[in-house]
Amino acid sequence: DKLEYLVIPVGLEKWQNSKAKSARKKIEASHVDRVVITGDIDGEKRRYKEHDENKPSVYAAIRNAGIKPGQVRLLRGIDSEEDILYLGQIVHSGDTIYFDTFPLHFQEYKTLVKKVQRDGKFPENVAIRNARIPQGRTETAYGLLGWMEEVFKRRPLMYKKDRPSDFLDKTKSLVKKIIGA
């Protein structure tokens, strides 16, 4: 059976409302079998438990859209590289993955999928699509930096705890702090 996944990377709080709206539209517009939430999972769980109506969690928005808890997976990817490594363990050839993110971040995900497929840790013939959210200046800076990092790095993908820190990694961390990502 081919499945459709909607992957929602959480992170910067200002993206939460647009991600929740985008996810709800995608869920209502098509058949989504599984929703995968990744990123700041502990923060996402905390927001859901606090049930702050001014800062709705993505999980709450998904549940409100009629997705059952058994259809939702929470992945503990620390960054996009880990997201893809974890996804490679659950998706199968023929599946479709929609990434609920802005265009440049989606380009980073596409680059990562190609790398992890090269390393044999992600199935071939998985359709990758973008369920896009708006991309402003902050998203452009963040997305361009992340995508370029993946274009220039040639090493195999690894979990954060196993990978050496290099100049690009340190630069990206600094820029993330500056822009609040």
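In what order do the five strands of the open sheet stand? The order is 3-2-1-4-5, and the pairing is parallel. Keep in mind as you read that this is a predicted model.

**The sheet**

A bit of background helps here. Strands of a sheet pair through backbone hydrogen bonds, and they can do so in a parallel or an antiparallel way. In this open sheet of five strands, the pairing is parallel. Strand 3 (72-75) and strand 5 are at the edges with a single partner strand each, so each of them has one side without a neighbour in the sheet. If you ignore direction, neighbouring strands of this sheet are turned by 25° against each other on average.

Here are three of the pairings, with a residue pair from each:

| Strands | Bridges | Residue pair |
|---|---|---|
| Strand 1 and strand 2 | six bridges, parallel | tyrosine 5 and arginine 34 |
| Strand 1 and strand 4 | four bridges, parallel | tyrosine 5 and isoleucine 97 |
| Strand 2 and strand 3 | four bridges, parallel | isoleucine 37 and leucine 74 |

Take a look at tyrosine 5 in the table: its bridge partner is arginine 34 in strand 2, and isoleucine 97 is its bridge partner in strand 4. Strand 1 (residues 4-10) is also mostly covered, with six of its seven residues buried.

**Helix 5 on the sheet**

Which strands does helix 5 touch as it packs on the sheet? They are strand 1, strand 4 and strand 5, and the direction of helix 5 makes about 165° with that of strand 5.

You can check the length of helix 5 yourself. It has 16 residues, and at 1.5 Å a residue they should span 22 Å; the end C-alpha atoms are 23 Å apart, so the two values agree. Plenty of side chains are tucked away here too: the buried residues of helix 5 include Leu104, Phe106, Tyr109, Leu112 and Val116. Lys115 and Glu108 are also among the buried residues.

**After the helix**

Just after helix 5 comes glycine 120, with a positive phi of about 75°. Further on, asparagine 125 sits in the loop that links helix 5 (103-118) to strand 5 (127-130).

What is the phi of asparagine 125 near? The value is near 60°, which is positive even though this residue is not a glycine. For context, most residues other than glycine have a negative phi.

Is asparagine 125 buried or exposed? Its relative accessibility is 61%, and the cut-off for exposed is over 50%, so asparagine 125 counts as exposed.

Definitions and conventions. Residues are numbered from 1 along each chain as its sequence is written. This is a predicted model: local features need pLDDT of at least 70, side-chain atom pairs count only at pLDDT 80 or more; totals for chains, interfaces and linings use all residues. Side-chain values use heavy atoms; hydrogens and water are left out. Helices (H or I, at least four residues) and strands (E, at least two) are DSSP runs, numbered from the N terminus. Buried means under 20% relative accessible area, exposed over 50%, partly exposed in between (1.4 Å probe, protein chains only). The expected span of a helix is 1.5 Å times one less than its number of residues. Two strands pair if DSSP finds at least two bridges between them. Axes are lines fitted to C-alpha atoms, for helices over the stretch in contact, and angles run from 0 to 180 degrees between N-to-C directions. Contact means heavy atoms within 4.5 Å.
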